[in-house]
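User: Please take a close look at one part of this model, the buried strand ends and the contacts around them. Then set the charged and aromatic pairs beside that part.

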Amino acid sequence: MIAGGGVARRADAYGIAGHRIDGNDAIAVLETVRRAALRARSGGGPTLIEAITYRWGDHSMRANLPAYRTEQEEADWRALDPIVRLQDTAQAQGAVTDADFEALRQAADDEVEAAIAWAADLPAPDMAVAQTLVTSPLPDAGFDEPPPGTRKLTYAAAITEAMHQEMTRDPSVIILGEDVGRTGGIFGLTRGLYDAHGADRVRDTPIAENVIANCGVGAAMSGLRPIVEIQLFDFVTFMMDAIVNQAAKARFMMGGRPKVPVVFRGPQGGGLRLAAQHCQSLEALFMNVPGLEIYAPASAYDAKGLMTAAMRSDNPVIFLEHKLLYLGGEDSVPETAYAIAPGKARIVRTGRDCTVVATMAMVERAIQAARKLEDQGLSVEVIDPRTIKPLDTATLIESIKKTGRAVVVHEAPRFGGIGGEIAATLMEEAFDWLDAPVRRIGAPEMPVPYDDRLERQYLPDANRIADAVLDVCYVAR
């Protein structure tokens, strides 16, 4: 007995046709799929087909594992083999003879053996070539950083404008997510897009993050450019298989042929008292996954340009937005569409005594620390990487050659965060110019607290950044 009457019964909840059939009956499968195709082509909508079949092989190919199915069970299912049943039916109807069927079987065997021989004759894989199959290359042109101009936009409005302009330019861009349609998203990032581009392109989904993510990956591999909104970035944990095992690896596992142009975007970070399960900074989860790009804009100008670049990328992009930046003031943002090249850091403030590398909401706090230290005679350079993968190490190293000291600050817990990767890179590639060890600042090893006083203590602030700069500059406090 299958709970709920089987998968096909679930079609009722969506108002579509549902059929549960014998998946080992080739003729039944053919006729059911044929009827479903005709129904769809005539405007009748989709059909959910549940075909019951059996996997003869064990879950694992290891021969030393004990069997978990009885011999009788396997024998019963082998008697229902779809090829044998089809042969019997075809012969009973006079459609094929034994000789005809044997010829078909031999042709199939020959095709398999030929494929095996072809693969065996191929040269051994080359590591240099294999590494080029991980991600699609960036285009040689199409990136631009126009003057900011005088027009002002908020961080959130800049992202919305980027999506609207790109959807207008490219009809393959669609949006999937919870409440992204008429509601416009719980933070308002898709407001107006439903009215401008319609329900087919701005699609409200059920509360099923795993399904949303897999739909996005499938749509991307089918020729669309989906934007998957993660209502709060903490819920990306429900999407990990689709992102990590499917989107990130599809191009490599298929020989560099497919493109997976999907953007996973949504708000992360603390500061709004949304507690431990709604305030995390999770970029480190994706840093160790080849095949993904990670964008993390800290200004409205960068948010628009990087969002445009993300939608045009042929690779899966993790697009991080910060809730506090949604609430910030307006910045100068060009009205025209533009795309900022990933892997190109922004020098937010020039300095000569210490380099502070900061991400997202920490950029403004680094600027505050730099201004505070200016009164003590210290000149601090602040750099925003803008994208975490690819990471612009060249700009960071050039800054170290000038300042000789570095502090890296991010909001996520210090252990295992991007600060460790940047610090290690600087120690390896800029050691001769460093006059002090690289300092890292991050959150403590604990979930984001709900209490407002604890949350303020949890998040790195300008005072902690300033103290770290004083330490690496050997200045008494």
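Analyst: What follows starts with three buried residues and moves on to salt bridges and rings.

This is a predicted model, in which local features need pLDDT of at least 70, side-chain atom pairs count only at pLDDT 80 or more, and totals for chains, interfaces and linings use all residues. Residues are numbered from 1 along each chain as its sequence is written, and side-chain values use heavy atoms, with hydrogens and water left out.

Begin with Ala358. Ala358 is in strand 12. Strands here are DSSP runs of E, at least two residues, and helices are runs of H or I, at least four, numbered from the N terminus. Ala358 has a relative accessible area of 0%, so it is buried. Buried means under 20% relative accessible area, exposed over 50%, and partly exposed in between (1.4 Å probe, protein chains only). Leaving aside neighbours within four places in sequence, Ala358 is in contact with Val363, Ala366, Ile383, Asp384, Pro385 and Val409. Contact means heavy atoms within 4.5 Å. His410 is 52 residues from Ala358 in sequence, yet the C-alpha atoms are 6.0 Å apart.

Thr359 sits in the loop between strand 12 (354-358) and helix 14 (362-374). Its relative accessible area is 8%, so Thr359 is buried. Beyond four places in sequence, Thr359 is in contact with Pro385, Val409 and His410.

Ala443 belongs to strand 16 (residues 439-443). Ala443 is buried because its relative accessible area is 3%. Not counting residues up to four places away, Ala443 touches His410, Glu411, Ala412, Pro413, Arg414, Tyr458 and Pro460. Val409 lies 34 residues from Ala443 along the chain, with 9.3 Å between their C-alpha atoms.

Now the charges. Asp384, one of the contacts of Ala358, is linked with Glu145, Asp302, Lys344, Arg346 and Arg386 in a network of salt bridges. A salt bridge is a side-chain nitrogen of Lys or Arg within 4 Å of a carboxyl oxygen of Asp or Glu. The whole structure holds 26 salt bridges. Glu381 and Lys402 form one, with the closest N and O atoms 2.6 Å apart. That pair links distant parts of the chain: Glu381 is in strand 13 (residues 380-384) and Lys402 in helix 15 (residues 393-403), 21 residues apart. Glu381 is buried, given its relative accessible area of 1%. Lys402, at 44%, is partly exposed.

Another salt bridge joins Lys259 and Asp314 (3.6 Å, N to O). These two are 55 residues apart, and each lies in a loop. Lys259 is partly exposed at 47% relative accessible area, whereas Asp314 is buried at 18%.

Rings come last. The whole structure has 6 aromatic pairs. Rings of Phe, Tyr and Trp (its six-membered ring) pair if their centres lie within 6.5 Å; planes under 30 degrees apart count as stacked, over 60 as edge-to-face and the rest as tilted. Tyr54 and Trp77 are stacked because their ring centres are 4.8 Å apart and their planes are at 5°. Tyr54 is in the loop between strand 2 (47-52) and helix 2 (71-78), and Trp77 is in helix 2, so the pair ties together parts 23 residues apart in sequence. Ring pairs also link Tyr155, Phe187 and Tyr326 into a cluster.

Lys401 has its charged end over the ring of Trp433, 4.7 Å from the centre. A charge sits over a ring if NZ of Lys or CZ of Arg is within 6 Å of the ring centre and within 35 degrees of the ring normal.
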